[in-house]
Amino acid sequence: MGIAMLLGLGVLVNYFDRVNLSVSRDALQDAFGISAVMFGYFVQRLQLELMRCSNFLLGLCLTASASAASASSAQSSGA
């Protein structure tokens, strides 16, 4: 149940990030003096890096969960 909530939270955060970046696009372009193409590259790179980090953290959670499940299984079987 915890993993599903973690994934749901990740989807929600990703949605809000996309909405915020699309709304603030003009202000960010003016503030940093970048073109629309450069802004697109930045947003794409940002999303890929966030996805990479979240996949790493999710992998750690799944590994810990599998290790705990196998330990409790071994303990309950008397091994």
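**View 1. Glu49 on the surface of helix α3.** Glu49 counts as partly exposed, because its relative accessible area is 24% (buried means under 20%, exposed over 50%, and partly exposed in between, with a 1.4 Å probe and protein chains only). The model is predicted, so local features need pLDDT of at least 70 and side-chain atom pairs pLDDT 80 or more, while totals for chains, interfaces and linings use all residues. Residues are numbered from 1 along each chain as its sequence is written, and side-chain values use heavy atoms, without hydrogens and water.

**View 2. The salt bridge between Glu49 and Arg45.** The closest N and O atoms of Arg45 and Glu49 are 3.0 Å apart, and the two residues form a salt bridge (a side-chain nitrogen of Lys or Arg within 4 Å of a carboxyl oxygen of Asp or Glu). Both residues belong to helix α3, residues 36-76 (helices are DSSP runs of H or I, at least four residues, numbered from the N terminus). Arg45 and Glu49 are separated by about one helical turn, because they are 4 residues apart in this helix. Arg45 is exposed, because its relative accessible area is 52%. Its partner Glu49, at 24%, is partly exposed.

**View 3. The salt bridge between Glu49 and Arg52.** Here the closest N and O atoms are 2.6 Å apart, and Glu49 pairs with Arg52 in a salt bridge. The two residues lie in helix α3, 3 residues apart, which is about one turn of the helix. Arg52 counts as exposed, because its relative accessible area is 54%.

**View 4. A network of three side chains.** Salt bridges link Arg45, Glu49 and Arg52 in a network. Glu49 takes part in the bridge with Arg45 and also in the bridge with Arg52. The structure as a whole holds 3 salt bridges.

**View 5. The salt bridge at Arg25 and Asp26.** A salt bridge joins the side chains of Arg25 and Asp26, with an N to O distance of 3.4 Å. Arg25 belongs to helix α2, which covers residues 25-32. Because its relative accessible area is 37%, Arg25 is partly exposed. Asp26 is also in the partly exposed class, because its relative accessibility is 45%.

**View 6. Arg25 and Ser67, a pair for comparing sequence with space.** In sequence, Arg25 and Ser67 are 42 residues apart. In space, the distance from C-alpha to C-alpha for this pair is 44 Å. Arg25 is the residue of View 5, placed in helix α2.

**View 7. A nonpolar patch on the surface.** The residues Leu9, Leu12, Val13, Tyr15, Phe16, Val19 and Val23 form this patch. Together they have about 680 Å² of accessible area (by the Shrake-Rupley method with a 1.4 Å probe, only the protein chains shown counting as cover). In such a patch, residues have over 30% relative accessible area and no salt bridge; like charges are joined within 9 Å, and nonpolar side chains (Val, Leu, Ile, Met, Phe, Trp, Tyr) within 5 Å. Val19, one of the members of the patch, is found in helix α1, residues 2-23. Val19 counts as partly exposed, because its relative accessibility is 33%.

**View 8. Phe56 of helix α3 and Val13 of the patch.** Phe56 has its place in helix α3. Its relative accessibility is 54%, and therefore Phe56 counts as exposed. Val13 is among the residues of the nonpolar patch in View 7. Along the chain, Phe56 and Val13 are 43 residues apart. The C-alpha atoms of Phe56 and Val13 are separated by 17 Å.
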